[in-house]
Amino acid sequence: MRTILFIIEKEFKQIFRDKMMLPIIFAIPVIQLLILSYTATFEVKNINLGILNIDQSQQSSELINKFKGSTFFNLKAYSTNIKDLEVMLKREKISQIIYIPNNFGKNLSSGNSSEIQIITDAVNGSSANLMSYYAISIIMSYNSNIIAKINPNIANYGINSSYQYWYNQELDYKRYMVPGILVLLVTMIGAFLSGMNIVREKEIGTIEQINVTPIKKYEFIIGKLSPFWIIAMFDLIVGLLLSRFVFNIEIQGNIFLIFSVSAIYLLSVLGLGLLISTVSDTQQQAMFIAWFFMVIFIMLSGLFTPVESIPQWAKIINYINPIKYFIKFMRQVMLKGSNIFDVYNEIVVIVVYSIATLSLAFWRYRKVS
Amino acid sequence: METVVEVKNLVKKFGNFVANDNLTFEVKKGEIFGFLGANGAGKTTAIKILCGLSTPTSGELNIAGFNIYTEREKIKKNIGYMSQKFSLYDDLTIAENIKFYGGIYGLSLKKIKEKTIKYIEALNLEQYTKKMVAELPLGIKQKLAFMVSVIHEPKIVFLDEPTSGVDPITRRQFWDMIYNEANKGTTIFVTTHYMDEAEYCNRISIMVDGKIEALDTPANLKKTFNSNNMENVFIQLARKATRID
């Protein structure tokens with residue numbers, strides 16, 4: 001126990017003496033949380049729209065006015081020549097073209113059906129879907145206006161659905177992103193700093209001097225990892241305060257549940273860092289290995305995309321992705337107020353994961369080569 | 001005399017490469033034992049095995065009376081080691097380094113304090129107490145590293161080229177420190193490149209291509225090889241080497 005305290009004391013002295021460490025610990029998490037949470041959004045707003053109006057009727061201007069009135073659209077170009085709009089689409093001046101053909105107005109007023117074509121830049125598939133959906137909604141609402149005018153009796157005929165968005169009523173993406181990014185921050189701080197730190201001792205050669213002492217493996221590992229556990233927990237608290245007071249996210253669940261599961265989760269992250277340090281000889285190697293795992297784990301974690309929609313083989317990889325479980329846990333508890341039984345599965349996996357990585361790292365760590 | 005290092009048929013292989021080829025020797029308590037050899041002869045490999053940093057491929061080894069395979073942790077309480085690489089922390093002060101190493105060797109805080117004062121006085125480091133070790137001159141760093149390696153008063157201390165890169169005066173002072181330590185009964189196991197330093201040892205072994213080619217007192221070796229200095233003895237033996245560094 002005493003030995004561990006001597007190591008922790010030494011680590012903290014070195015950490016606070018390193019001029020780059022303070023910004024890494026204090027500034028970077030805050031900046032990342034603020035920037036990423038505000039910018040990582042999937043909402044599609046201010047769609048630059050081009051309208052190709054061959055028709056030039058009263059009906060077509062009514063429809064165009066509907067688009068103008070929508071907050072989703074921004075009427076950028078208006079033309080009677082498809083070529084002009086194609087060039088703009090190619091140059092990304094506009095992302096969508098609404099094509100109103102000849103006789104559109106005439107057909108409508110004579111009681112016949114009429115057609116409209118929507119052309120969407122689908123380089124980004126998911127935003128293309130949203131753009132088409134918005135455009136179709138506007139056209140549908142204009143459609144029901146026309147029907148109502150012709151026959152007021154059938155205007156309310158059919159199914160009327162009503163929406164309710166639970167847990168995030170305003171569909172605010174920040175609420176969704178903040179818990180996830182918080183997870184990312186503590187994961188990176190934990191895995192990178194702990195891994196680098198031990199490899200650094202290898203690089204400068206002090207690890208040999210430690211290995212010739214009668215120090216026990218567990219003493220060294222606990223002494224080395226605790227400072228980073230403390231730092232990561234500190235960053236978690238800072239992050240939770242920011243999400244409460246900057247993003248106005250009130251934590252719905254139990255704060256002690258969050259802290260205790262985070263404390264266990266961090267052990268798995270630190271274990272991963274330690275494991276990486278046992279297989280690397282230089283900080284550069286450790287950095288690349290850590291990045292390799294981090295990028296895969298982050299992409300599959302469900303931070304940006306729903307984990308349910310990834311292919312089956314990737315789901316298998318995802319079984320060992322600690323970030324996935326912890327993001328799910330954080331979102332559930334922070335936003336939905338889930339209790340220990342609701343997130344039972346995630347907690348079990350996190351506990352098992354921590355035990356596994358720490359034991360693996362403990363077993364791999366050698367005082368003797 | 002008590003035997004503190006007992007090595008029988010030590011072999012260390014890295015794949016097909018035989019770094020230590022059947023080494024057998026003994027070191028007595030209080031002896032200054034010089035371990036000589038050209039670069040790549042296998043000195044550092046052997047010293048790392050004796051310190052428990054590396055496992056031998058085969059051989060019987062007892063250090064400070066303990067078996068190297070089964071009682072490694074007991075050995076570690078009884079040995080000190082100063083590696084070729086400087087191994088104090090550059091970003092800690094002298095006192096902080098002493099406190100850390102003293103602490104992990106299990107010294108009491110009182111004892112650590114005493115040692116710190118003693119070391120700072122012995123090395124005339126009063127003006128450097130607030131400074132980081134990085135700012136110390138190399139000679140002082142090496143002397144400090146030596147003192148830290150014997151902070152727990154070990155029975156044996158292994159020094160791997162402790163004086164490489166330092167000036168002749170500092171080397172002389174360094175050897176005074178070694179003698180002091182040996183007079184207290186500490187066994188010194190030292191590797192070196194400098195033949196004048198070999199003369200300071202009680203006994204020396206000369207390694208060539210992983211084998212011990214000669215082992216005796218400097219005086220006897222000079223007699224055997226018909227030379228008036230160690231340099232000549234060393235060159236006669238090292239010339240046989242076929243390994244390229």
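Two strands pair if DSSP finds at least two bridges between them, and the strands and helices named in this tour are DSSP runs numbered from the N terminus (helices are H or I with at least four residues, strands are E with at least two). This is a predicted model, in which local features need pLDDT of at least 70 and side-chain atom pairs count only at pLDDT 80 or more, while totals for chains, interfaces and linings use all residues. Residues are numbered from 1 along each chain as its sequence is written, and chains are lettered from A and ligands numbered from 1 in the order in which they are written.

**Stop 1: strand S1 of chain A**

Select residues 47-53 of chain A, which form strand S1. Five of its seven residues are buried, so S1(A) is largely enclosed by the rest of the structure. Here a residue is buried if 20 or more other C-beta atoms lie within 10 Å of its own, exposed if 12 or fewer, and partly exposed in between, with C-beta atoms placed from the backbone.

Add strand S2 (residues 73-79) of chain A, which is parallel to S1(A) and joined to it by six bridges. Leu49(A) stands opposite Leu75(A) of S2(A). Between the two strands the chain passes through helix H3 (residues 58-69) of chain A, in a right-handed β-α-β crossover. Right-handed means that, with the strands pointing away from the viewer, the path from the first strand over the helix to the second runs clockwise.

Now add strand S3 (residues 96-100) of chain A, which runs parallel to S1(A) and is joined to it by five bridges. The bridge partner of Leu49(A) in S3(A) is Gln96(A).

**Stop 2: Ile116 of chain A**

Ile116(A) sits in the loop between helix H5 (104-109) and strand S4 (117-120) of chain A. With 17 other C-beta atoms within 10 Å, Ile116(A) is partly exposed. Beyond its neighbours within four places in sequence, Ile116(A) is in contact with Ile98(A), Tyr99(A), Ile100(A) and Ile139(A); contact means that the C-beta atoms, placed from the backbone, lie within 7 Å.

**Stop 3: two helices of chain A**

Select helix H10 (residues 255-279) and helix H13 (residues 322-336) of chain A, whose axes come within 11 Å and cross at roughly 170°. Axes are lines fitted to C-alpha atoms, for helices over the stretch in contact, and angles run from 0 to 180 degrees between N-to-C directions. H10(A) and H13(A) are therefore roughly antiparallel to each other (over 145 degrees). Among the residues making the contact are Tyr265(A) of H10(A) and Phe329(A) of H13(A).

**Stop 4: the sheet of chain B**

Move to chain B and show the open sheet of six strands, with order S6-S7-S8-S3-S9-S10 and mixed pairing. Its edge strands, S6 and S10 (211-216) of chain B, each pair on one side only. From one strand to the next the twist averages 15°.

Strands S3 (residues 32-37) and S8 (residues 187-192) of chain B run parallel, joined by five bridges. Phe33(B) has Phe189(B) of S8(B) as its bridge partner. Helix H6 (residues 168-183) of chain B lies across S3, S7 and S8 of chain B, at about 155° to S8(B).

**Stop 5: where the chains meet**

Finally, show both chains: the contact takes 22 residues from chain B and 17 residues from chain A. On the side of chain B that touches chain A, helix H2 (72-78), strand S6 (79-82) and helix H3 (94-104) of chain B each give two or more residues. H3(B) gives the most, with four residues.

Notes:
Two residues are in contact if their C-beta atoms, placed from the backbone, lie within 7 Å. Angles under 35 degrees count as roughly parallel, over 145 as roughly antiparallel, 65 to 115 as roughly perpendicular and the rest as oblique.
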